[in-house]
Amino acid sequence: LSHVANVDDKFVQSLSKGLAGLRQLQTLSLNLNSNDKLTHVGLESLAHCLPDALSELRLDLSHVANVDDKFVQSLSKGLAGLRQLQTLSLKLFADAKVTSAGHESLAHGLPEALSELRL
């Protein structure tokens with residue numbers, strides 16, 4: 001989905017609804033980089049709909065400038081419920097609007113089963 005011009009909040013919200021129904025999904029890899037139309041609205045819907053059975057999550061949000069503390073806080077809440085998550089790879093835009101408060105929130109939301117973290 002990288003570099004696709006029409007990936008926006010509405011698309012990610014629809015994708016999120018579909019993900020919520022995939023209760024046995026164990027691996028999710030989304031490359032949403034360079035999608036300028038994404039905002040915290042779509043990204044937060046994704047964070048709230050992560051399937052419980054995930055053991056591996058890879059999110060590439062490189063060059064998505066609208067990633068901010070609000071999204072990271074929502075993601076950390078979503079991650080906290082993923083008791084089977086072992087691998088997390090999260091790529092953020094160097095100029096993302098994430099402050100130390102967002103980083104702290106992410107650190108506190110990491111599941112206990114996590115064995116691999118790539119930021």
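L79 touches L57, L85, L88, L106, G109, L110 and P111, leaving aside residues up to four places away in sequence; contact here means heavy atoms within 4.5 Å. The model is a predicted one, where local features need pLDDT of at least 70, side-chain atom pairs count only at pLDDT 80 or more, and totals for chains, interfaces and linings use all residues. Residues are numbered from 1 along each chain as its sequence is written, and side-chain values use heavy atoms, with hydrogens and water left out.

L79 also turns up among the best-connected members of the largest nonpolar core: of its 29 residues, L57, L61, V67, F71, L75, L79 and L85 touch the most other members. Such a core is a set of buried Ala, Val, Leu, Ile, Met, Phe, Trp, Tyr and Cys residues joined through side-chain atoms within 4.5 Å, buried being under 20% relative accessible area with a 1.4 Å probe, protein chains only. Two or more residues each come from α1 (9–20), β1 (27–31), α2 (40–48), β2 (56–61), α3 (69–80) and β3 (87–92), with α3 giving the most, 4 residues. Helices (H or I, at least four residues) and strands (E, at least two) are DSSP runs, numbered from the N terminus.

As for overall layout, the chain has 4 helices and 4 strands, running α-β-α-β-α-β-α-β from the N terminus on. Of the 119 residues, 44% count as buried. The C-alpha atoms fill a box of roughly 35 × 35 × 20 Å, taken along the principal axes. Among contacts with a separation of 6 or more, 87% come from residues 24 or more positions apart.

Definitions and conventions. Buried < 20%, exposed > 50% of the residue type's maximum accessible area, 1.4 Å probe, protein only.
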